[in-house]
Amino acid sequence: MKRVGMTLPRLHYRHRLWLSSVVAVLVLVAIYILSVCLNVTGLDTNLAQRNLLPSLQHPFGTDWLGRDMFTRTIKGLILSLKVGLTAGASSVIIASVMGLLGSVMGKTMNRFINWLTDLFLSVPHLVTLLLIAFVLGGGAKGIIIGVALTHWPSLSRVICAEVLQIQTAPYVVISRNFGKSRWWIATRHMIPHLIPQLLVGLILIVPHAILHEASITFIGMGLSPHEPAIGIILSESMRYLSSGLWWLALFPGLCLLLLVRSFAMLGENLKQWVNPRHAHDR
């Protein structure tokens, strides 16, 4: 005899995309709202509350100076998010300019852009980022410029391939036959078509930028030690793990992972949405 039981309905592929995207957006919105609502007094030194375990009053505990770790973590996440968004947007701008130049300005420019792209791709991101941050003296400016100059090559190649495909479209050929300039065709036909790819590229670059900012700050070449950055929090907590203060590294690390994973999930989902091949996937 067959065993008859209740089975949960299987979610459609696009329903799963919607659900995971909504969850990712809610996480990002919650982090932002918490950063606005939290009082900055939690960042002040309070030696009477040193090294407190996680509790209702201090969900992430306190550090060796009595500072609330929940407040420091949320403020650090927002700081990382600002740096990541600025660096990601700068990288997308560079990638779009390079992609358009490489595909519109002729074979000589295309060879030069391809050579420059191969040059940046041949060196690990972190090494180049460290060199740029060191030359610029560290800080948020050094990290933003370093990330912007190291994360554009892959997106630039995607944009270049898209533009080469658009150039053969009938409406572009008609515009060219009517004597329209390259600039007119680029601004009227190509850039609007590239907006979804640029948006996906931005969202996928941001988590890389956040992780690189945290890693550079962790080794002391990023943001200032006076700022509540996640890299600084993790770097300082390493000295106290042997004393049993496990919460100093655990909760900030998990929150950083949650932030990065939310952005990565959102980017991957958006990539699936704009891809016509997955229009009927289940």
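I'll start with S224, which is partly exposed, with a relative accessible area of 29%. This is a predicted model, and that applies to everything I say today. S224 is found in the loop between α8 and α9. If you want a sense of scale, take V123, which is 101 residues away from S224 along the chain; the C-alpha atoms of the two are separated by 27 Å.

After that loop comes α9. Of its 8 residues, 7 are buried, so the helix is mostly covered, given that buried means under 20% relative accessible area. The buried ones in α9 are I230, G231, I232, I233, L234, E236 and S237. Note that E236 is on that list.

Next, the aromatics. A search of the whole structure finds 7 aromatic pairs. One of them is W64 with Y240, and the pair is stacked, at 4.4 Å centre to centre and 10° between the planes. Where do W64 and Y240 lie? W64 is in the loop between α1, residues 13-37, and α2, while Y240 is in the loop between α9, residues 230-237, and α10, residues 247-274. The pair therefore ties together parts that are 176 residues apart in sequence. On accessibility, W64 is buried at 12%, and Y240 counts as partly exposed at 22%.

A second pair is W246 with W247. Their ring centres are 5.6 Å apart and the planes are at 85°, so this pair is edge-to-face, the class for angles over 60 degrees. Are these two tryptophans buried or exposed? W246 is partly exposed, with a relative accessible area of 42%, whereas W247 is buried at 2%. Both belong to one aromatic cluster, together with F60, F70 and F251.

On to the cysteines. How many disulfides does the structure hold? The number is 0. Why does C255 have no such bond? The closest cysteine sulfur to that of C255 is in C37, and at 16 Å it is too far for a bond, because a disulfide needs the two sulfur atoms within 2.5 Å. C255 counts as buried, at 14% relative accessibility. C160 is also buried, at 12%.

Now the second largest pocket. It holds about 180 Å³ of space. Its lining consists of V97, L100, L101, V104, M105, R182, W183, A186 and I191. Two elements give two or more residues each to that lining: α2, residues 69-104, and α8, residues 182-218. By class, the lining has 8 nonpolar residues, no polar ones and 1 charged. The charged residue is R182, since Arg counts as charged.

Last, T128. This residue sits in helix α4, residues 125-135. T128 is buried, with a relative accessible area of 15%. Leaving out residues up to four places away in sequence, T128 touches V123 and T150. V123 is the residue I used at the start, with its C-alpha atom 27 Å from that of S224.

To recap the pairs: W64 and Y240 are stacked, and W246 and W247 are edge-to-face. The disulfide count is 0, and the second largest pocket has a lining with 8 nonpolar residues and 1 charged. That is what I have for today.

Key: Residues are numbered from 1 along each chain as its sequence is written. This is a predicted model: local features need pLDDT of at least 70, side-chain atom pairs count only at pLDDT 80 or more; totals for chains, interfaces and linings use all residues. Side-chain values use heavy atoms; hydrogens and water are left out. On a 1 Å grid over the protein atoms alone, a cavity is a set of points where a 1.4 Å probe fits but cannot get out, and a pocket is an open set with protein on both sides within 12 Å along at least five of seven lines; lining residues have an atom within 4 Å of a point. Grid points are joined across faces, edges and corners, and a volume is the space filled by probe spheres set on the points. Helices (H or I, at least four residues) and strands (E, at least two) are DSSP runs, numbered from the N terminus. Buried means under 20% relative accessible area, exposed over 50%, partly exposed in between (1.4 Å probe, protein chains only). Contact means heavy atoms within 4.5 Å. Rings of Phe, Tyr and Trp (its six-membered ring) pair if their centres lie within 6.5 Å; planes under 30 degrees apart count as stacked, over 60 as edge-to-face and the rest as tilted.
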